[in-house]
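Thanks for making the time this morning. I would like to walk you slowly through one structure, so please bring it up on your screens and follow along.

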Amino acid sequence: MSAEHAPLLAVRDVSKSFGAVAAVRDVSFPLYAGEAHALVGENGAGKSTIVKMLAGVHRPDTGAIELDGVPLDLRSPADARAAGIAVIYQEPTLFPDLSVAENIAMANPPRGRLRTIDRGRQLRDAEALFRRLGVMIDPARPARGLSIADQQVVEIAKALSADARVLVMDEPTAALSAVEVERLFTVARSLRDRGAAILFISHRFDEITSLCQRVTVMRDGRHVSTDPLAGLTVDDLVRRMVGRDLSTLYPERTTTPGDVVLEVDGLRRDGFFRDVSFQVRAGEIVALAGLVGSGRSEVAQAIFGVDPRDAGTVRVHGRPLRAGSPRAAMAAGLALVPEDRRLQGLVMDASISRNVTLPRSGTLARLGLLFGGSERRAAAEWTARLQTKYGRLADAVSTLSGGNQQKVVLAKWLSTLPRVLMVDEPTRGIDIGTKAEVHRLMSGLAEDGVAVLMVSSELPEVLGLADRVLVMREGRLVAELDRAQATEESVMFAAVGQTRAASAQSAASSGSDDSPAGSARTADKDRNASADRSAGTNAGTDRKTGAGAGVEVAL
Amino acid sequence: MSADGNRPAGTRLAGANPAGIAAGAALPPGGDARPRGAAGRGARLGRLASWDLGVVVLAVLTIVVASGTVENFSTSRNFTFLVLDLLPIALIALPMTFVIVTGEIDLSVASTLGLSSATMGYLWNQGLTIETIIPLCVVLGAVLGAVNGLFVTVFRLPSLAVTIGTMALFRGLALVVLGDTAVADFPARYTDWVTGTIGGSAVPNVLIPLAVLAALFGVVLHATPVGRWSFAAGASEHAARFAGIRVGRLKFWLYVVTGAVAGLAGVLWTLRYSSARADNGAGLELAVVAAVLLGGVSIFGGRGTLPGVVGGVVLLAALQNALRLSDVSNESLNVVTGALLVVSVLVPNLIRRTRSAFARTRHRPAPLSPPPLPGS
């Protein structure tokens, strides 16, 4: 543990906005030499924005990043590297076809005579670095084929070769197995003990306690606290990260499920999911839970027809639905609010009005023409129903906050008057107030007889809203739980597999007052299936943890 | 969160599918600030100084300046020539606008024009009537466009690569069809109509169908579902597909229409010069793309207006015409076309970058004024 001297790097009153969205507001915290500092917070708390500012990707709107008390002006990643700040991302950014040594020396290769690259020295330098790190990687081999963990180690070697004094690790462990995490940590610890300052971002408390000495908590873009980790319990941290009483989020609802509206039978898409069969009744909210990458979004997309399906049938009100045709799905009364709002849900550069009416421009046209403001009226009506806050309907939808963007997506699909509403991560990255609105909205829709299928990685949302929970694991439906059976524990067991039950239970229960217990949340950020699988494994792996909270918690 | 915010309140919305949105009272408004401030200012600025308006102004300015300084520019005879010169560019630029708006490109249009012209000559030599040949050439263009569309949408190949290939292919076929000979003896009734003017005025006959087509394409682009889909497909193909738009089908038909219009342009070109040749319209695709980009259509798709494109065509044609009258060589005219193409891609990007830099430095917290309730 280092003494309380002047910080090596200080983030001071930093703010950053994207359009109207304030991602980070007045955040300050210090990084000390020889210390690993954890940065924790829920998704959307602003951690990644901080990392990108340190990496020179974004420039702070106000405030400054100071190194040895001197403000830095980081205009590009090259500036950050020159200042001695190295960033290691969850997904390593190596050139697969170059050798490990070439990757390490990429930014500043050793020059021989005639300014050509001195390959011999390049190799020797890499070997020396690996010796310092205590790892065995052949510097001459190509980067392609290295495990993710080894790639992370190469990234660290890269940072070392640039004499990095500050190492920022943005969820480097999300895709690693327990053994690999330990290996990465050994390297990180040796760096730390040589006087580097480490900023470590992770959702897993056991990793934080095993590596870090200090922790900063962020919430909704603001700084909550910075404290030495010793003496803090996991409960303390969770409470600070969540900072709210969750009970108000979920409306009470009396359900009287009606007829079966959506029937999925034996649905399969090769490489993604298989044997998926379930029904959703009118007035029912059915949640599709599971780790990211378990195939949930793909099921919803195959039902809607955006993705193809290889086998199985989908029936709406008993009538079979043609595969691969979103148009047919829409005609049958289906709507899909997709997972990735910015990529799939909205045309970001187009106006609010165009976005809301896009699926209906055919029906809004009179004699084939869209004159006379029919689009504007429809958009005004539906944005008002959803209490969307905006300047003008003609403004680009990208100027709205995340929550209001999501309302535009919801308005877009609710205006098609769907009888089956599929929502994929309906509250991802939106503020708490809007989350509550969205939850009430879905609840109200169900009461009005809409069949709702909800894909969500947020357990409290799943448990708070769903009448039934279907759990997917590795492309298959592994459990169906009714409201009484569905608990954080039972859903997580099913999602990660029963064999991990013992430790998963402790994970789930210790995070209970907020709940995104377990790796569902961790996995939330991952983009690929392999990451999830190993995340699941990690959550359950029996591993020694550091002092402080002695429980296995993955948040 | 207010205490009564738990229940979906009783003020259910009316309508066939009343979305059970909680009453307004249940939620404190102003959870997040409304995006006025920098974004609003930027938008207003954008409207005042939009690119396509600028191009139209520039086109008018060019004509005014040229009329004053270039000898013979403002004569009625030159006006007729100016319109006849811009006719093929303007015609093909109309569907090309759609293609570029959807984020694709078609570089084979000039070769389609050439193949259409060569086919016209060949069929005329075979003794077919001109009334049969003209629709055949348009259909041929459509088929050639369908070939492009097939490669781009079914085989999902990049349109740049596909149409560079078909550009060479179609031009090669034109040479196969007609060799390096020319066919010239087309009926005077048709050639005279194409080069003629309305009742002895300076307005060429061909301006009428051109204006009708321009209006048609403009309405389709800006006021029909097809136009909406084109913009959406170009701005975000993913989002378009998730909104139920059949992007592949749309693009396929846009290529077919582009080919058909290029075929028609081949017919008009042949009749205007009364000469069917395989190398007719060589290099025209660059002028067309330059005019469309100059007219403010984004090469990345998703942005653009048809009036802007018309302005771009007029600007390009007027500039070339004025330079030609000032005895600038044809080779130097290519320099102008090329430079305009680069400028029209470069400047909008520079403007956008400057604007976002401006927004960054001027950023202030958005004022918390209540939103004007739409519809209330």
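Before anything else, let me fix one word that I will lean on: a residue is called buried here if 20 or more other C-beta atoms lie within 10 Å of its own, and exposed if 12 or fewer do. Please also keep in mind throughout that what you are looking at is a predicted model.

With that word in hand, let us go to strand S19 of chain A, which runs over residues 468–473 and is mostly covered, since six of its six residues are buried. In a regular strand the side chains alternate between the two faces of the sheet. For S19(A), both faces turn out to be covered, with Arg468(A), Leu470(A) and Met472(A) buried on one side, and Val469(A), Val471(A) and Arg473(A) buried on the other.

What sits around this strand? S19(A) belongs to an open sheet of six strands in chain A, and the order across that sheet is S16-S17-S18-S13-S19-S20, with mixed pairing. The edges are formed by strand S16, residues 334–337, and strand S20, residues 476–482, each of which pairs on one side only. Going from strand to neighbouring strand, the average turn is 20°, if direction is ignored. Against this sheet packs helix H9 of chain A, residues 296–304, which touches S13, S16, S17, S18 and S19, and whose direction makes about 145° with that of S17(A).

The two neighbours of S19(A) are worth taking one at a time. With S13(A), the pairing is parallel and runs over five bridges, and within it Ala287(A) stands opposite Val469(A). With S20(A), the pairing is antiparallel and runs over six bridges, and here Met472(A) is found opposite Leu477(A). S19(A) and S20(A) form a hairpin with two residues between the strands, and in that hairpin Glu474(A) takes a positive phi near 45°.

Now to a second sheet in chain A, also open, which has four strands in the order S12-S11-S14-S15 and antiparallel pairing. Its edge strands are S12, residues 273–281, and S15, residues 319–320. Strand S11, residues 260–269, pairs with S12(A) in the antiparallel sense over six bridges, and one such pair of bridge partners is Leu267(A) with Val276(A) in S12(A). We meet H9(A) again at this point, as it lies across S11, S12 and S14 of chain A and runs at about 110° to S11(A).

Let me turn to a pair of helices, still in chain A. Two packed helices are described by the angle between their axes and the distance between the axes. Helix H4, residues 119–133, and helix H5, residues 148–161, pack at an angle of about 110°, with their axes 10 Å apart, which means that H4(A) is roughly perpendicular to H5(A). On the H4(A) side the contact involves Asp125(A), Ala126(A), Leu129(A), Phe130(A) and Leu133(A), and these meet Val153(A), Ile156(A), Ala157(A), Leu160(A) and Ser161(A) in H5(A). By character, the residues of this contact divide into eight nonpolar, one polar and one charged.

In the loop between H4 and H5 of chain A we find Asp138(A), and is this residue buried or partly exposed? Asp138(A) is partly exposed, because 14 other C-beta atoms lie within 10 Å. Its C-alpha atom is separated by 37 Å from that of Thr216(A), a residue 78 positions away along the chain.

Chain B has a secondary structure of 14 helices and zero strands. Of its 376 residues, 47% count as buried, and among its contacts between residues at least 6 apart in sequence, 78% join residues at least 24 apart.

Finally, a word on confidence. Chain B averages a pLDDT of 83, and 81% of the residues score at least 70. Over residues 1–48 of chain B, however, the pLDDT is below 50, although this stretch has 101 contacts in the model beyond near neighbours in sequence. Residues 362–376 of chain B also have a pLDDT below 50, with 27 contacts of that kind. For the complex, the predictor gives an ipTM of 0.77 and a pTM of 0.71.

Conventions
Residues numbered from 1 in each chain as written. Chains lettered and ligands numbered in written order. Predicted model: local features only at pLDDT ≥ 70, side-chain atom pairs only at ≥ 80, totals over all residues. Axes fitted to C-alpha atoms, helices over the stretch in contact; angles between N-to-C directions. Parallel < 35°, antiparallel > 145°, perpendicular 65-115°, else oblique. Contact = placed C-beta atoms within 7 Å. Nonpolar A, V, L, I, M, F, W, Y, C, P; charged D, E, K, R; others polar. pLDDT = per-residue confidence, 0-100. Pairing = 2+ DSSP bridges.
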